[in-house]
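Please open the model in your viewer and keep the selection tool at hand. The tour below goes from stop to stop, saying what to select and what is there.

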Amino acid sequence: MTRRSLLLSILSLLGTVLLVIWFFSGKTLSKVSYQAAFERVNQETVADRVAPFLGQPFWEADLESLHARLLQLEWVHRARVTRRWPNQLRIRLEEQTPVARWGEQALLNQFGDIFYPTDIQPFDAYVRLDGPAVRAKLVLKRLGQLQSRLQALDWRISGLTMLPDGVFQVDLEQKRRLLLPEDNQAAVLERFIRSYPRIQSDLRKFAQVFDLRYSNGFVIRKNTEPDASNQAPPMNENNP
């Protein structure tokens, strides 16, 4: 190959590279495709968050920034943002699925994550959970476990709170309350369920609080205040 032919080959290759660079760098984002239910998330609100990124160079658009903006929307649980050649943004959104109330102002999703919608009034009928925020997943897990066991008494839980000392306060739709220790809950509750049918009927009517924090049985009270005037003597499995 002569020097002239080699030079022409190099120039041709260089021209091809420059053409490819120009072709790819000249593309801008102009289309958006969504994969989302848009049940509680408003599509127009999402479009407003996306709009500033349209018209930006395909490879230079800051998708991490767009991802962060989408996650700020109150009903968005997860978001994924990707590019698709030559000019498209692809956005996938997963909405929050509330399964319980959390305290007075928040909801809990199926993964035990707390989130704060503007309006939670439509969810007033949901079970209300509460406790330290870092224990939200545990509280949700205990809700399922306790409700499953309490079906034996045909009782349904309306609220579950993990108190600062680790005690679980279980509020029932039947206007009753259980107090359970943090540890050995399954065994303690099983003992109570076996004993409950043997409690005298008039004592059942009297009962508003069942305190199961005792190692040898449980205490029945009229209300949440543990004073001597409204407290029945401790009961155990052998002497209900």
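## A guided tour

Begin by selecting Phe 38, which sits in the loop that runs between strand E1 (31–35) and helix H2 (43–50). This is a predicted model, and in it the phi of Phe 38 is near 50 degrees, a positive value in a residue other than glycine.

Go next to Pro 86, in the loop between E2 and strand E3 (88–95). Display the backbone here, since the peptide bond that joins Trp 85 and Pro 86 is cis, with omega about 10 degrees.

**The sheet**

Now show the strands as a cartoon and follow the open sheet of nine strands, whose order is E6-E5-E4-E7-E8-E9-E10-E11-E12 and whose pairing is mixed. The edges are taken by E6 and E12, each of which has a single partner strand, so one side of each is left without a neighbour in the sheet.

Within this sheet, select strand E4 (residues 98–102) together with E7: the two run parallel and are joined by two bridges. To find the register, colour Trp 102, which stands opposite Leu 129 in E7.

Move on to strand E9 (residues 168–172) and strand E10 (residues 177–180), an antiparallel pair joined by four bridges, in which Phe 168 stands opposite Leu 180 in E10. These two strands form a hairpin with four residues between them, and in the turn Lys 175 has a positive phi of about 65 degrees. Then add strand E11 (residues 209–214), which runs parallel to E10 and is joined to that strand by three bridges; here Arg 177 stands opposite Val 209 in E11.

Finish the sheet at Arg 221, whose place is in strand E12 (residues 217–221). Is this arginine, at 3% relative accessibility, buried or exposed? Arg 221 counts as buried, because its 3% falls under the 20% cut-off. Show its side chain along with that of Asp 211, as a polar contact of 3.2 Å joins the two.

**The largest pocket**

For the next stop, select Gly 103, Glu 104, Asp 124, Ala 125, Tyr 126, Arg 128, Asp 130, Ser 158, Gly 159, Leu 160, Thr 161 and Asp 171, the residues that line the largest pocket. Two elements give two or more residues each to this lining, namely strand E7 (128–130) and strand E8 (157–162), and E8 gives the most, with four residues. If you colour the lining by residue class, you will find three nonpolar, four polar and five charged residues. The space that lies in this pocket comes to about 150 Å³.

**Aromatic pairs**

Turn now to the rings of Phe, Tyr and Trp, among which the structure holds 14 aromatic pairs. Select Trp 75 and Phe 123, whose ring centres are 5.9 Å apart and whose planes meet at 45 degrees, so the pair is tilted. This pair links distant parts of the chain, 48 residues apart, with Trp 75 in the loop between helix H3 (63–71) and strand E2 (76–84) and Phe 123 in the loop between strand E6 (114–115) and E7. Both partners count as buried, Trp 75 at 9% relative accessibility and Phe 123 at 6%.

For contrast, select Phe 192 and Phe 218: with the ring centres 5.1 Å apart and the planes at 80 degrees, this pair is edge-to-face. Since Phe 192 lies in helix H5 (residues 185–195) and Phe 218 in strand E12, the pair ties together parts that are 26 residues apart in sequence. Phe 192 and Phe 218 are both buried. Widen the selection to Trp 155, Phe 192, Tyr 196, Phe 210 and Phe 218, which ring pairs link into a cluster.

**The loop between H4 and E8**

Close the tour in the loop between helix H4 (136–150) and E8, where Ala 152 lies. Ala 152 is exposed, with a relative accessible area of 55%. A distance drawn from C-alpha to C-alpha between Ala 152 and Ile 193 gives 7.5 Å in space, although 41 residues separate them in sequence.

The last selection is Asp 154, whose place is in the loop between H4 and E8. Asp 154 has a phi near 60 degrees, which is a positive value in a residue other than glycine, and Asp 154 is exposed, with a relative accessible area of 64%.

Technical notes:
Residues numbered from 1 in each chain as written. Predicted model: local features only at pLDDT ≥ 70, side-chain atom pairs only at ≥ 80, totals over all residues. Heavy atoms only, no water. Pairing = 2+ DSSP bridges. 1 Å grid on protein atoms, 1.4 Å probe; cavity = no way out; pocket = protein on both sides within 12 Å on 5 of 7 lines; lining within 4 Å. Points joined across faces, edges and corners; volume = space filled by probe spheres on them. Nonpolar A, V, L, I, M, F, W, Y, C, P; charged D, E, K, R; others polar. Buried < 20%, exposed > 50% of the residue type's maximum accessible area, 1.4 Å probe, protein only. Polar contact = N/O pair within 3.5 Å; in protein donor to acceptor, adjacent residues only side chain to side chain. Phe/Tyr/Trp six-rings, centres within 6.5 Å; stacked < 30°, edge-to-face > 60°.
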